[in-house]
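Hi,

Here is the structure I promised to pass on to you. Have a look at it first, and then read my notes below.

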Amino acid sequence: MIKQRNLKLDLQPQAKKSVFARHETFHPRFGWLKKGFDRASKDPTIFLCKDAPVRLGVGKNMVRSIRYWCGAFKLLENDQPTDFGQQLLGWDGWDPYLEDPASLWLLHWKLLEPACLATAWHFVFNYFQQNEFTVEDLFYRLSEFLDQASIKIADSSLKKDINCLLRMYVTQDARSSVSEDSLDSPFVDLGLISSAGDSKHFAFRLGNKPSLPAEVIVHACLCYSALHSKTTKSIPVSRLLYEVGSPGMIFKLTESSICGAIESVSKSNLNVGIEDSAGLLQFSFDRDPVKLSTEILNDYYDAWGENAA
């Protein structure tokens with residue numbers, strides 16, 4: 001069971017406003033993010049052009065979906081490439097064609113990182129407290145939380161988001177109903193959510209994830225630490241596990257998973273480590289966390305590129 005937390009739904013600083021059903025019912029498909037990023041890098045107005053469906057090779061609604069997902073994953077902002085987008089998908093980026101599973105984990109983190117433009121995703125990964133659940137459970141709890149926050153959203157929009165989220169993370173044959181043109185999302189390979197006995201029940205997979213590199217976990221820990229303090233050089237591991245927006249919540253990790261990742265990275269990077277202060281485990285780092293997080297990813301992708309060559 002996921003640890004209990006304060007139930008007050010706080011959308012700040014996740015997003016300035018709630019965002020629902022902008023995906024046009026389409027989950028991110030293979031190749032969409034790269035295609036949207038590359039085309040917008042050459043012409044930021046492409047999504048508004050009348051011939052956008054022809055130039056992108058997709059339907060009109062899919063054009064809007066690609067635009068939304070590129071923004072939600074923080075690859076584009078106002079249809080312009082972001083620094084993160086260039087780092088990951090640029091011509092000399094870390095992984096321009098998303099060949100390394102680590103890149104999908106990194107995108108999953110960026111999707112949920114503030115400001116989150118997918119409010120239902122923010123709720124499900126941070127506030128939803130059932131480990132095993134049904135579609136009805138998700139809908140009921142999401143509706144209840146939005147009511148508490150005095151946010152009025154049509155039931156149809158919530159259902160679209162819930163169905164899209166499950167199509168994004170759960171393999172197709174595990175779902176009760178699949179549209180004819182539905183294709184698996186690359187994010188199903190993360191193994192974050194699985195079927196639980198039948199096509200109507202699902203479960204979060206907690207703990208170690210075979211395809212999630214220690215470097216991505218530590219990167220997320222450093223980014224989360226920087227978000228909450230610009231001066232301190234340590235943070236309790238418990239905060240990295242259970243707080244809203246933390247790596248533990250976004251990746252569904254256990255304490256041993258996070259500590260193991262930090263210890264693994266500390267073997268090659270002496271700037272990070274675990275300290276035990278009177279029985280309280282602390283993640284410590286001795287440099288600017290944002291710069292250090294980028295350095296760790298640079299080192300990871302350099303090594304991955306050499307091994308893949």
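Before the notes, one term: pLDDT is the predictor's confidence in each residue, on a scale from 0 to 100. You will need it because this is a predicted model. The pLDDT averages 91 over the protein, and 91% of the residues score at least 70. The start of the chain is another matter: residues 1–9 stay under 50, and the model has 26 contacts for them beyond four places in sequence. Residues 11–15 are also below 50 in pLDDT, with 15 contacts in the model beyond near neighbours in sequence.

Now to the interior. The largest nonpolar core holds 93 residues, and the ones with the most contacts inside it are W69, L111, W121, Y169, I193 and F283. Helix α9 (residues 214–228) supplies the largest share of this core, nine residues.

One residue of α9 that I looked at is S225. With a relative accessible area of 6%, S225 is buried. Leaving out residues up to four places away in sequence, S225 touches I235, L240, F283 and F285. F283 is also among the core residues with the most contacts.

Next, a helix pair. Two packed helices are described by the angle between their axes and the distance between the axes. For α5 (residues 101–112) and α6 (residues 119–126), the axes come within 9 Å and cross at roughly 105°. Angles of 65 to 115 degrees count as roughly perpendicular, and α5 and α6 are therefore roughly perpendicular to each other. On the α5 side the contact is made by H108, L111 and L112, and on the α6 side by W121, H122, F125 and N126. Sorted by class, these are four nonpolar and three polar residues, with no charged ones. L111 and W121 also appear among the core residues with the most contacts.

Finally, some backbone details. Most residues other than glycine have a negative phi, and most peptide bonds are trans. Against that background, three places are worth a look:

- P114 and A115 are joined by a cis peptide bond, with omega about -5°. A115 lies in the loop between α5 and α6.
- D79, in the loop between β1 (76–77) and β2 (80–81), has a positive phi near 65°. D79 is buried, at 11% relative accessible area.
- S150 has a positive phi of about 60° and sits in the loop between α7 (135–148) and α8 (155–169). S150 counts as exposed, at 60% relative accessibility.

Happy browsing, and all the best!

Methods
Residues numbered from 1 in each chain as written. Predicted model: local features only at pLDDT ≥ 70, side-chain atom pairs only at ≥ 80, totals over all residues. Heavy atoms only, no water. Axes fitted to C-alpha atoms, helices over the stretch in contact; angles between N-to-C directions. Helix = DSSP H or I, 4+ residues; strand = E, 2+ residues; numbered from the N terminus. Parallel < 35°, antiparallel > 145°, perpendicular 65-115°, else oblique. Contact = heavy atoms within 4.5 Å. Nonpolar A, V, L, I, M, F, W, Y, C, P; charged D, E, K, R; others polar. Core = buried A, V, L, I, M, F, W, Y, C linked by side-chain atoms within 4.5 Å. Buried < 20%, exposed > 50% of the residue type's maximum accessible area, 1.4 Å probe, protein only.
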